[in-house]
Amino acid sequence: MKSATKESLLADKEDRDNLEESYWHVNPGDVKIHATRIKGRFRNYKWMAASFWLLFFFGPYLRWDGRQAVLFDIPNRKFHIFSITVWPQDVWMLALVLIFLFLALFAVTAIGGRMFCGYLCFQTVWTDIFTLAEDWIEGAPVKRRKLDEAPWTFTKIRLRTTKHLVFIIISLLTGATFSAYFMDAFQLWKGYFTFTLPAVGWYTLLFFFMCTYIFGGFMREQVCFWLCPYARIQGVMYDSDTILPTYDKDRGEPRVRLKKGGHSPDAGDCVDCNLCVAVCPTGIDIRYGQQEGCITCGLCIDACDAIMDKVGRPRGLVRYASLDELGGIILPPLFKRPRVIVYSLILFLAFSGISYGLLTLGGMSINVIHERQPLFVKLSDGSIQNKYTMKIVNTTDKELNLAIEADGVEGLTMVGSKEPVKIPVSKVRPVMILLKAPEKSLKEQNIPIIFKVYDVNDKTIKSEYKSMFMSPAK
């Protein structure tokens, strides 16, 4: 074998370095990606992460206290999450959840790149399922490319029809499952089969079906390129510590294809087999550095490790590594890095706040408005009277019989009936309250008081509200 000289290999390496600096690959959709499926540990990790979505499919059929465990009941303006009911006035919880998710995404991206995209994003998972079905029906990528270019024959029509029938079934199941989170799942399926579903139910199914079918069956990685904003902003979240699938250029270059008779001792470990490109679901070449399309799924690592095993070289030519690691900087373990500690602390505090909020949601919500015209009235017996309007929201699934008390001023009494106030299920009721107190006990013009409201049949359902008692100037 005539091996390449070291000078020529180094010259090739310099050319490749220059090419890498100017290389930027984006597939605008004119080339259909037919990625090769390969076994490996990161493929296994992807399946394990994708199995999380099984909860999505089975979730609507879980029951809790006689109703659907997770139900976003938009017509009645309340969300059920097991024993917790979230009402519109609890929308602050939604804000906290969104902030938590944003912080979690930011933290994961800063530490491990687009790991959410590569392993858990529904677009990635559904595209993976669609391409798996495509692989079973139409064959390996080489056969699929030939089929793309072949004229329309009976075989091609049969294969394409079968494939799209499978796509349609997956899309319908996905659409129905999404819809089942907004309506009782069993009633929903009954409505489908008896054609008694309201129009909005059919529109919802059609919307989710079309999104799944088009995004998973046709657009695939183009959704990530052009529709998802996350791909565009990921660059500002990375730094030299971020762990990404990275090609070890110093070890791999100059790359030389394997030839009969041996491998040049001056060549790098990369044998230029292009398997890392063939398995990439977005079609990028990781050897040219990070690209916009890289979703950090690690499949290129599986491919490279498999080749390294075959040619008898160490694994890790393509591996998860940061730029600092490749530059020879020794970094502390992840859990000792300040940024990881700070992110973990912020996420822990946010999660604690959300958990506390969910666990302390009461069975009712009250709001008290003090009457302004007039602020107080002096009665014939010399006492001072204040008027309030209390709005009570029953957020339970039963009628409440509420007792109302007030405290904070010596001799403070409530004028009028002391009978419990009945609040029907899911209703709001205003209650007028008159409080009076002896003038001699009012040492200041504005005195804090507390309204206490509780259900006489279940005193665990209770709430308090701070207000003020007004009196003449002292």
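**Strands and sheets.** I count two strands as paired if DSSP finds at least two bridges between them. Strands (E, at least two residues) and helices (H or I, at least four) are DSSP runs, numbered from the N terminus. The model is predicted, so I kept local features at pLDDT of at least 70 and side-chain atom pairs at pLDDT 80 or more, with all residues used in totals for chains, interfaces and linings. I number residues from 1 along each chain as its sequence is written, and side-chain values use heavy atoms, without hydrogens and water.

I began with strand 15 (residues 446–455) and strand 16, which run antiparallel and are joined by nine bridges. In this pair, Ile449 is opposite Ser467 of strand 16. The two strands make a hairpin, with six residues between them. I then traced the sheet to which they belong: it is open, has four strands in the order 13-11-15-16, and its pairing is antiparallel. Strand 13 (421–423) and strand 16 (462–470) are at the edges with a single partner strand each, so each has one side without a neighbour in the sheet. Strand 11 (residues 400–407) is joined to strand 13 by three bridges, again antiparallel. There I noted Leu402, whose bridge partner in strand 13 is Val421.

Next I looked at an open sheet of three strands, ordered 3-4-5 and paired antiparallel. Strand 3 (70–73) and strand 5 (84–86) are its edge strands, each pairing on one side only. Strand 3 and strand 4 (residues 78–81) run antiparallel with four bridges between them, and Phe72 sits opposite Phe79 of strand 4.

**Odd backbone spots.** Most residues other than glycine have a negative phi, and most peptide bonds are trans. I therefore listed the exceptions to that rule. Arg77 is not a glycine, yet its phi is positive, at about 55 degrees. I found Arg77 in the loop between strand 3 and strand 4.

Is Arg77 buried or exposed? Arg77 is exposed at 61% relative accessible area; the cut-offs are under 20% for buried, over 50% for exposed and partly exposed in between, with a 1.4 Å probe and protein chains only.

Thr296 also has a positive phi, near 50 degrees. Thr296 lies in the loop between helix 14 and helix 15 (299–311) and is buried, with a relative accessible area of 1%.

I noted two cis peptide bonds. One runs from Glu253 to Pro254, with omega near -5 degrees, and Pro254 is in the loop between helix 13 (249–252) and helix 14 (275–278). Another runs from Gln373 to Pro374, with omega near 0 degrees; Pro374 is in the loop between strand 8 (364–370) and strand 9 (377–378).

**Pocket.** I searched on a 1 Å grid over the protein atoms alone: in a cavity a 1.4 Å probe fits but cannot get out, a pocket is an open set with protein on both sides within 12 Å along at least five of seven lines, and lining residues have an atom within 4 Å of a point. Points are joined across faces, edges and corners, and a volume is the space filled by probe spheres set on them.

The largest pocket holds about 1600 Å³. Its lining has 43 residues, and Phe72, Leu94, Val97, Leu98 and Leu101 are the closest to its centre. Phe72 is the residue I had already met opposite Phe79. Helix 4 (residues 91–112) gives the largest share of this lining, 10 residues.

How does the lining of the largest pocket divide into nonpolar, polar and charged? I got 39 nonpolar, one polar and three charged residues, with Ala, Val, Leu, Ile, Met, Phe, Trp, Tyr, Cys and Pro as nonpolar, Asp, Glu, Lys and Arg as charged, and the others, Gly among them, as polar.

**Cavities.** I found four cavities of 30 Å³ or more. The largest has a volume of about 310 Å³. It is lined by 23 residues, with Ala35, Thr127, Asp128, Thr131 and Pro281 closest to its centre. Helix 2 (41–50), helix 6 (122–138) and helix 11 (221–227) are the elements that each give two or more residues to this lining. Helix 6 has the largest share, six residues. By class, the lining of the largest cavity has eight nonpolar, seven polar and eight charged residues.

**Whole chain.** Last, I took the overall figures. The protein chain has 17 helices and 16 strands. Its radius of gyration is 33 Å, well over the 23 Å of the globule rule for 474 residues, so the chain is more spread out than a compact globule. I took that radius over C-alpha atoms, and the rule is 2.2 Å times the number of residues to the power 0.38. Along the principal axes, the C-alpha atoms fill a box of roughly 115 × 60 × 30 Å. Of the 474 residues, 44% are buried.
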